[in-house]
Amino acid sequence: MTLQTYLYFPGCRIQRFLPQYGTSTRTVMAALGIALDTTELNCCGYPVRHENFHAGMVAGARNLAIAAAKGLPLMTPCKCCYGSLKHTDFWMRRDGRLRRHVNTLLAAEGLYWTEDIVIHHLLTVLDEVVGADRVKSRIVHPLNQLPVAAHYGCHALRPGNVTRFDNPLSPTIFERWVALTGAKAVDWSLRLECCGHPLWRKNNRISLSLMNTKLADARQAGARLVTTACTYCQLQFDTVQADHPPQRGPAVPAVLYTQLLGTAMGLPDEVLGLKKNRIEWRPERL
Amino acid sequence: MLMTYTPYVALLFCVAGIFWRVWRWCSTMIGPEAIDSSPWHRLGVMVRAVGAAVFSRKLWAICRTLIVDVLAQWPIARQSKVRWLMHVGLFYGVLLLVLLHALDDLILADWMTDYASTLNPYMALRNVLGFLMAVALVAAWAGRRRNPVRKRFTSASDRWLLAVLAVILISGIILEASQIISAPVFDEMVADYWGSEEAQEIQPLKAFWSRRFAVVFEAPVDGSAESLAAGEELHIAYCADCHSAPRSAFMAYPLARAARPVAPLLNRMRVDLALWYLHFIAACLALALLPFGKFFHLVSVPVSLMVRAGGDAIDTLPENRSTRRAMGVDACTHCGLCSQHCSVAPIMTAIENSSILPSEKMGMVHRMARQKLSPADLRRLSQGSEICTNCGRCTDVCPSGIDLHDLWLASEADLHASGYRPPHGWIRTRSMAQWADQIKEDHAAGAEVEERLPGPKFTENPDTFWACVQCTTCTTVCPVVAASDNPKADLDMTPQQVMNLMRLELKEAAMGCRMVWDCVTCYKCQEHCPQGVPVADVLYELRNEACRRLNPDTDQGTHTRAKRGSGNPQENGTERFHDD
């Protein structure tokens with residue numbers, strides 16, 4: 001039974017750099033009754049926002065206008081895409097002159113931004129649409145109190161008045177959903193801090209420093225792995241960490257939340273793609 | 001004489017041109033690998049690697065590519081059936097016309113003992129192929145006009161290819177029509193194949209050919225039944241072995257009929273000869289031009305596809321990396337599919353830079369490799385290169401099978417090595433104070449300052465900062481400040497100090513500040529500010545404004561081969577080659 005259909009917004013990176021996030025998201029969502037419609041979308045506008053506000057706006061609004069034309073709410077597994085699309089939506093709602101300007105540009109393609117487009121992140125779809133009860137009945141291999149550090153990811157969380165993801169100062173959504181898999185969400189002080197990826201290739205020293213500080217904190221809190229629900233955070237904790245292993249202490253495996261949930265739901269590893277993660281983590285019971 | 005040697009001269013040009021292009025594959029440098037290898041060495045490595053692949057199990061993959069990708073052109077069909085029909089029509093139309101018509105003396109005349117170009121089925125077939133080619137040409141032209149992206153970026157090379165083919169096609173059809181109506185050609189044929197000088201004897205044949213073969217004679221012919229019957233007898237005796245009725249030339253015949261009123265004039269002017277020269281020279285020109293411009297994709301696409309089918313054993317050798325990329329650039333037909341599917345193409349509406357589009361960036365990368373770009377062009381290419389999100393869709397859709405993704409990574413590395421970096425890189429070439437000085441100079445010189453487009457414009461509104469009480473909360477929660485042992489040295493200023501500059505309306509001083517560019521955009525400052533100052537949004541806006549107003553000024557940059565590879569790869573996080 002299909003609960004709801006979403007326009008799936010994978011973002012630019014998943015296909016080439018993190019295919020396991022795409023396959024695991026699609027499989028887990030399908031198993032939970034969420035249908036994902038696909039069409040060719042463009043960049044969310046996040047990378048170009050540093051350089052040009054309007055470029056980010058046009059890019060973001062075009063995606064939203066396509067969702068509007070299809071009459072579907074939009075779901076992305078990437079928190080940077082989510083934040084960027086929410087940012088676009090926020091300013092399009094708020095600034096009439098900007099809205100007219102962007103809509104004039106979109107009109108060349110017959111597209112039009114409207115304010116009734118619903119933007120979801122993977123976690124908010126799980127929390128608000130699927131619901132904990134529905135998932136509980138699907139857990140066949142509970143993760144046996146595995147200590148997991150849930151990493152929030154900045155761009156979904158803040159600024160809270162724009163993203164409306166969860167309470168930006170003390171969110172609970174990720175820990176609750178980690179607990180549903182049977183794992184134990186550890187309490188760690190840096191859980192809301194940045195992974196460092198936005199500065200990767202811009203200032204690697206700071207980027208690595210942020211990552212290592214954060215991973216050290218997760219380790220200290222007893223976490224065996226850190227779980228992410230964002231393309232960029234995962235690329236940082238998995239790919240970048242694998243290429244630049246921490247000087248002190250062992251590497252902390254990073255596992256995508258869909259991989260974690262999929263494992264607990266007993267979904268096959270071919271679609272979850274745990275083997276594709278650079279830093280290995282094997283669930284004990286499998 | 002001229003006509004005898006022109007094709008050979010054209011062929012010579014063609015072969016020499018192909019060698020020249022192959023040499024360029026081996027002498028063009030794109031990417032950081034094996035930058036010290038000579039072209040001869042690279043040619044040797046490539047030939048050996050390809051040879052090894054041909055004499056291995058890879059031969060099957062190569063043959064499969066030849067059949068599926070080259071002959072059946074499956075990669076085009078996968079993207080668009082209409083485009084496939086167009087391309088296959090053009091490709092096989094031209095190819096068969098070359099084999100069966102242009103080279104008929106070499107091929108058909110040897111195989112078929114009774115071959116004559118004016119006999120069926122050859123005459124009808126020629127018209128069928130011409131028709132196919134005409135439809136495909138119109139479709140190709142219409143396809144370019146219909147899509148806004150492709151229409152806007154249609155290049156001279158795209159037009160030339162279609163124009164030359166159209167000239168050959170149209171001149172060929174009109175030529176055939178002009179020969180049908182030509183009395184002088186009739187007279188020549190009679191002189192050559194019959195030899196009768198008696199005008200009276202020829203009259204019945206003229207009558208027959210005037211009626212059935214649409215030849216237009218100036219003097220009136222005797223159209224009586226006896227005359228036609230006598231003419232038919234002569235026709236069967238002397239002409240029928242080589243001439244089918246021209247009706248089956250269904251493209252040329254209606255044209256010949258339509259030209260009847262002016263036929264005597266055309267015949268007197270020997271328009272048929274003029275058209276023959278035009279058709280012949282245009283065809284020779286096409287042959288000579290094959291290695292130049294877009295025509296060359298006839299060679300480069302199959303070669304590139306088949307070398308790729310040869311597998312990683314060829315591709316992974318460092319000496320072959322540049323060669324493969326140069327082949328890839330040459331295999332681009334500028335079809336524009338990549339740009340139609342490009343994830344960042346919509347950004348073009350806000351940032352006017354054609355280098356954002358893969359189909360246009362391709363040409364820029366090639367010119368950069370040939371060291372033919374001005375610093376201004378290189379800056380544009382650098383911007384296009386940095387806006388690309390490496391989503392890989394261009395590579396997935398490319399019908400020529402070019403690994404564009406690899407090309408972008410390689411060219412980005414080249415740009416970085418030559419001193420052309422994204423804003424986060426070039427901003428570091430000067431200090432905060434130096435940038436502030438430049439802004440002052442630009443301002444004195446009357447540079448445009450204001451952002452005219454609508455938007456939040458926090459930094460232009462003093463109300464944004466009036467509530468800031470310099471409580472340092474933003475600085476306290478900033479992870480970047482926390483990551484530094486010496487924020488003054490590493491970051492110039494803390495977020496709260498940047499906000500203080502803004503309160504004092506010293507925006508220009510803040511734009512080059514390290515803190516602005518090392519902001520990790522986590523928005524903690526903004527979320528925690530007790531006064532509601534949008535700190536992170538202000539930093540974003542300062543970066544935007546710096547990109548708009550500051551000039552990277554890489555003119556003293558080092559875009560020379562000698563300097564390449566000398567950069568410190570880890571410096572400031574701008575590795576030369578990185579796949580994230």
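B:P121 sits in the loop between α6 (108-111) and α7 (122-146) of chain B. Helices here are DSSP runs of H or I with at least four residues, and strands are E runs of at least two, numbered from the N terminus. The peptide bond leading into this proline, from B:N120, is cis, with omega near 10 degrees.

A quick word on the source: this is a predicted model, where local features need pLDDT of at least 70, side-chain atom pairs count only at pLDDT 80 or more, and totals for chains, interfaces and linings use all residues. Residues are numbered from 1 along each chain as its sequence is written, while chains are lettered from A and ligands numbered from 1 in the order in which they are written.

Chain A has a cis bond to look at too: the one joining A:R158 and A:P159, with omega about -10 degrees. A:P159 lies in the loop between α8 (154-157) and α9 (160-163) of chain A. Most residues other than glycine have a negative phi, and most peptide bonds are trans.

On the phi side, chain B offers two non-glycine residues with positive values:

| Residue | Phi | Loop in chain B |
|---|---|---|
| B:Q371 | near 55 degrees | between α20 (358-369) and α21 (375-387) |
| B:T521 | near 60 degrees | between α32 (514-517) and α33 (524-528) |

How packed are their surroundings? A residue is buried if 20 or more other C-beta atoms lie within 10 Å of its own, exposed if 12 or fewer, and partly exposed in between, with C-beta atoms placed from the backbone. B:Q371 counts as exposed because it has 11 such neighbours, whereas B:T521, with 22, counts as buried.

Now for helix α1 of chain B, residues 2-27. Its 26 residues should span 38 Å (1.5 Å times one less than the number of residues), and the end C-alpha atoms are 36 Å apart, which agrees. The buried residues of α1(B) are B:C14, B:V22, B:W25 and B:C26. Their cover includes α2 (39-54), α15 (271-289) and α18 (318-330) of chain B.

Finally, the two chains meet. Counting contacts as C-beta atoms, placed from the backbone, within 7 Å, chain B puts in 42 residues and chain A 47. On the chain B side, α24 (423-426), α28 (479-482), α33 and α34 (535-549) each supply at least two residues. The largest share, four residues, comes from α34(B).

Key: Two residues are in contact if their C-beta atoms, placed from the backbone, lie within 7 Å.
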